[in-house]
Amino acid sequence: YVNVGSHYNNTNGLFTAPVAGNYYFFGGGQSGSAGAFYWGLYKNGSLFTSFYNADSSDTYHHASVAAVMPMAANDTCQFKKAGSIVMNTGGQNQFCGYLVG
């Protein structure tokens with residue numbers, strides 16, 4: 001809902017760092033099908049960190065991941081599924097980030 005500076009692209013899900021520094025990122029999501037799943041924060045297209053949930057008893061499990069990511073100007077961060085389970089596409093997913101310093 002807030003995109004100060006327009007550094008987040010809602011079409012491709014990429015946040016592009018305007019300046020070098022340490023950034024805090026958080027992503028939370030809900031699975032859309034049964035099975036173990038994990039979400040990840042990706043830096044420049046490579047997995048930076050992830051959270052894995054092994055509960056595969058039913059659908060609609062929640063998981064979140066957060067990290068402080070050192071970034072150079074124009075580096076990107078993206079929150080997305082890191083496995084094969086479908087991510088629910090309703091309003092249950094969140095992504096945020098900001099410059100720490």
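**View 1. Aromatic pairs in the predicted model.** This is a predicted model, and seven aromatic pairs turn up in the structure. Start with Tyr-24 and Tyr-98: their ring centres sit 5.3 Å apart and the planes meet at 40°, so this pair is tilted. The two tyrosines come from distant parts of the chain, with Tyr-24 in strand 3 and Tyr-98 in strand 8, 74 residues apart. Tyr-24 has 25% relative accessibility and counts as partly exposed. Tyr-98 is partly exposed too, at a relative accessible area of 47%.

**View 2. Phe-25 and Phe-95, a stacked pair.** Here the rings of Phe-25 and Phe-95 are 5.9 Å apart, centre to centre, with 10° between the planes, and the pair is stacked. Phe-25 belongs to strand 3 and Phe-95 to strand 8, so the pair ties together parts of the chain 70 residues apart in sequence. Is Phe-25 buried or exposed? With 0% relative accessibility, Phe-25 counts as buried, because the cut-off for that label is under 20%. Phe-95, at 24%, is partly exposed.

**View 3. A cluster of rings.** Zoom out a little from the stacked pair, and Phe-25 and Phe-95 turn out to belong to a cluster linked by ring pairs. The other members are Tyr-8, Phe-15, Tyr-23 and Phe-79.

**View 4. Strand 3 and its two partners.** Strand 3 covers residues 21-30, and seven of its ten residues are buried, so the strand is largely enclosed by the rest of the structure. Which strand pairs with strand 3 over ten bridges? That is strand 6 (residues 62-71), and the pairing is antiparallel. To find your place in this pairing, look for Asn-22, whose bridge partner in strand 6 is Pro-70. Strand 3 also runs antiparallel to strand 8 (residues 94-99), with six bridges joining the two. In that pairing Tyr-24 stands opposite Tyr-98, and these are the tyrosines of the tilted ring pair.

**View 5. Gly-101 beside the start of strand 3.** Follow the chain past strand 8 and you come to Gly-101, in the segment after that strand. Gly-101 is exposed, with a relative accessible area of 61%. Which residues does Gly-101 contact, leaving aside neighbours within four places in sequence? They are Gly-21 and Asn-22. The C-alpha atoms of Gly-101 and Asn-22 are separated by 5.5 Å, although the two residues are 79 apart along the chain. Asn-22 is also the residue that bridges to Pro-70 in strand 6.

**View 6. The five-stranded open sheet.** Now for another set of strands. Five of them make an open sheet, ordered 1-2-7-4-5, with antiparallel pairing. Strand 1 (8-9) and strand 5 (46-53) are the edges, each pairing on one side only. Further in, strand 2 (residues 14-16) and strand 7 (residues 76-81) run antiparallel and are joined by two bridges. Thr-16 stands opposite Thr-76 of strand 7 there, which gives you a handy pair of threonines to look for.

**View 7. A lysine over a tyrosine ring.** The last close-up shows Lys-80 and Tyr-42. Lys-80 lies over the face of the Tyr-42 ring, at 4.6 Å from the ring centre.

How values were computed: Residues are numbered from 1 along each chain as its sequence is written. This is a predicted model: local features need pLDDT of at least 70, side-chain atom pairs count only at pLDDT 80 or more; totals for chains, interfaces and linings use all residues. Side-chain values use heavy atoms; hydrogens and water are left out. Buried means under 20% relative accessible area, exposed over 50%, partly exposed in between (1.4 Å probe, protein chains only). Helices (H or I, at least four residues) and strands (E, at least two) are DSSP runs, numbered from the N terminus. Two strands pair if DSSP finds at least two bridges between them. Rings of Phe, Tyr and Trp (its six-membered ring) pair if their centres lie within 6.5 Å; planes under 30 degrees apart count as stacked, over 60 as edge-to-face and the rest as tilted. A charge sits over a ring if NZ of Lys or CZ of Arg is within 6 Å of the ring centre and within 35 degrees of the ring normal. Contact means heavy atoms within 4.5 Å.
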